[in-house]
Amino acid sequence: MSSEKRRNILFVDDEGSVLKGLQRMLRRFRNDWEMTFVESGQAALDYLGESPCDVVITDMRMPQMNGRELLSIVREQYPHVVRIVLSGQANIETVIEAVEPTHQYLSKPCDPDVMRATISRACGLRDLLHDDALRSLVTRIDSVPSLPSVYQELHEALSDPETTVSTVGDIISHDGAMTAKVLKMVNSAYFGTTQDVTSGHQAVAMLGVDMVKTLVLSAGVFSQFTAAEMQRFSLAEFEEHSQRVGAIAEAIMLDGGGDKETAACAYTAGLMHDLGKLILMKNCATEYSDVIERSQTENRPLGEVEQQIFGTSHAAIGAYLLGIWGLPDDLIAAVGFHHQPFVSGTEGFCPLSAVHVANAVDHSVEAVFACDRVDEDYLQQIGMAHKLPEWTALAEQISQGAN
Ligand SMILES: [Fe+2]
Ligand SMILES: [Fe+2]
């Protein structure tokens, strides 16, 4: 893509013939990428010691230093470098073992377009999260919300195949305040539940485990902020906007052909998309109040004024936190780029697209921060521009249905 910076990519494989094959296959990207090919982990480390590098793509099984060992060192010494494993290994355990020091996994043979999309997406997120202004702002923040413990418990329980729906209900019900908050959301109009849901168990049975897990995440995160800390905006309105954007993003994702999993991701990202605003308001109250005031009086998008004053935005701060919590990249990208999907490096219709549209439409329907506009060029580029009127109607229906 011509709008992107030229990336330095380092390929590592002990088989010269594989490297030659890659070189041939990827020749057409030579204007976008500066490519270097080396035959061992040590040669890769020597290269990294001397040259700038954006991405390392390595084979797993290599003599002396294998891919996992190489990537662990890269993570330690060059944390800004995107790490990708490209491996033909079918042994699932070795692959899982490799995942930890890896950002992404690609299997051999790899389609060049899949590789390009993976690199572009991973670099977009890396650029966002390794930005100096963001880092220096984060160091000023004393109070960072923690990942809710009930969410963590659910996450662990759900990775155990023995866990039943009733166990999940038990975990939620242990925390009374959490249950009350989740039930309030479940009984709100966004879910169209026809009967009152009165217990954690019933919520799990009706909405499914994944949906309840998402609600626990947002209830647990938002409850770490108080209305008194929010000065310039209402926490209640904030939560309502977040819930509407979640519901709209999910509907858009499904309408655009997304599956259950991507729709769930769009929903969670919609709920969390403005989390960075809460963090800024709680930690930099005076400056952030000024930013909001300026955005309103000068009629400029909030993200633009934030960029001018802080050098970063609420979207990037939210994404940064979700990254620390280990949430998936698609979710982080949907939050981090919700105002600027164009610079994300993602291609095609994805949860980010849905959250971007849902947020802009909801802000304009509610006439709050109405400068957040849908980027129609972006929709054009992903082939979804024709869907905008339909999605706007869908969003209005959901927003109004909830009032
Ligand atoms: Fe936003
Ligand atoms: Fe928003």
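Student: Which residue in β4 stands opposite I57?
Tutor: This is a predicted model. In it, strand β3 (residues 55–58) and strand β4 (residues 82–87) run parallel and are joined by 4 bridges. One of the bridge partners in β4 is V82, which pairs with V55. For I57, the residue opposite in β4 is I84.

Student: What is the order of the strands in the open sheet?
Tutor: The sheet has 5 strands, and their pairing is parallel. The strands β2 and β5 (104–107) stand at the edges with a single partner strand each, so one side of each has no neighbour in the sheet. On average, neighbouring strands of this sheet are turned by 20° against each other, direction ignored. Read across the sheet, the order is β2-β1-β3-β4-β5.

Student: How many residues of β4 are buried?
Tutor: In a regular strand, side chains alternate between the two faces of the sheet. In β4, V82, I84 and L86 are buried on one side, and R83, V85 and S87 are buried on the other. Both faces are thus covered. Strand β4 is therefore largely enclosed by the rest of the structure, and the count of its buried residues is 6 of the 6.

Student: How many aromatic pairs does a search of the whole structure find, and which residue pairs with F11?
Tutor: The search finds 5 aromatic pairs. In one of them the ring centres are 5.0 Å apart and the planes lie at 10°, so the pair is stacked; its members are F11 and F37. F11 lies in strand β1 (residues 7–12) and its partner in strand β2 (residues 33–38), so the pair ties together parts 26 residues apart in sequence. The count is 5, and the partner of F11 is F37.

Student: Is F11 buried or exposed?
Tutor: A residue counts as buried under 20% relative accessible area. F11 has a relative accessibility of 1%, so this residue is buried.

Student: What kind of aromatic pair do F222 and F238 form?
Tutor: Their centres are 5.5 Å apart, with 80° between the planes. F222 lies in helix α11 (residues 209–222) and F238 in helix α12 (residues 235–255), so the pair ties together parts that are 16 residues apart in sequence. F222 is buried at 2%, and F238 is buried at 5%. An angle over 60 degrees is needed for the class that fits 80°, and that class is edge-to-face.

Student: Which residue has its charged end over the ring of F225?
Tutor: The charged end sits 5.2 Å from the centre of that ring. The residue that carries this charged end is K282.

Student: Which residues coordinate the iron ion (ligand 1)?
Tutor: The donor residues are spaced D-x39-H-x23-H-H in sequence. Their distances to the ion are 2.2 to 2.3 Å. The residues are D274, H314, H338 and H339.

Student: What is the geometry of the site of the iron ion (ligand 1)?
Tutor: Four tetrahedral donors have ideal angles of 109.5 degrees. The 4 donor atoms here make angles of 78 to 163°. For four donors to count as tetrahedral, all angles must lie between 85 and 135 degrees. The site is classed as irregular.

Student: Which of these two, H338 or H339, is buried, and which is partly exposed?
Tutor: The cut-off for buried is under 20% relative accessible area, and exposed begins over 50%. H338 has 1%, so it is buried. H339, at 24%, is the partly exposed residue.

Student: Which residue coordinates both iron ions?
Tutor: The iron ion (ligand 2) is coordinated by H241, H273, D274, N359 and H363, at 2.1 to 2.4 Å. H241 is in helix α12 and H273 in the loop between α13 (260–272) and α14 (275–283), so this pair links parts of the chain 32 residues apart. H241 is buried at 7%, and H273 is buried at 0%. The two ions lie 3.7 Å apart, and the residue that bridges them is D274.

Student: How far apart are the C-alpha atoms of E239 and A219?
Tutor: E239 is in helix α12 and is buried, with a relative accessible area of 15%. Along the chain, E239 and A219 are 20 residues apart. Their C-alpha atoms are separated by 9.3 Å.

Conventions
Residues are numbered from 1 along each chain as its sequence is written. Chains are lettered from A and ligands numbered from 1 in the order in which they are written. This is a predicted model: local features need pLDDT of at least 70, side-chain atom pairs count only at pLDDT 80 or more; totals for chains, interfaces and linings use all residues. Side-chain values use heavy atoms; hydrogens and water are left out. Donors are N, O and S atoms within 2.8 Å of the metal (3.2 Å for Na, K and Ca); water is not among the atoms, so sites may look incomplete. Four donors count as tetrahedral if all angles lie between 85 and 135 degrees; four count as square planar and six as octahedral if opposite donors are over 155 degrees apart and all others between 65 and 115; anything else is irregular. Buried means under 20% relative accessible area, exposed over 50%, partly exposed in between (1.4 Å probe, protein chains only). Rings of Phe, Tyr and Trp (its six-membered ring) pair if their centres lie within 6.5 Å; planes under 30 degrees apart count as stacked, over 60 as edge-to-face and the rest as tilted. Helices (H or I, at least four residues) and strands (E, at least two) are DSSP runs, numbered from the N terminus. A charge sits over a ring if NZ of Lys or CZ of Arg is within 6 Å of the ring centre and within 35 degrees of the ring normal. Two strands pair if DSSP finds at least two bridges between them. Axes are lines fitted to C-alpha atoms, for helices over the stretch in contact, and angles run from 0 to 180 degrees between N-to-C directions.
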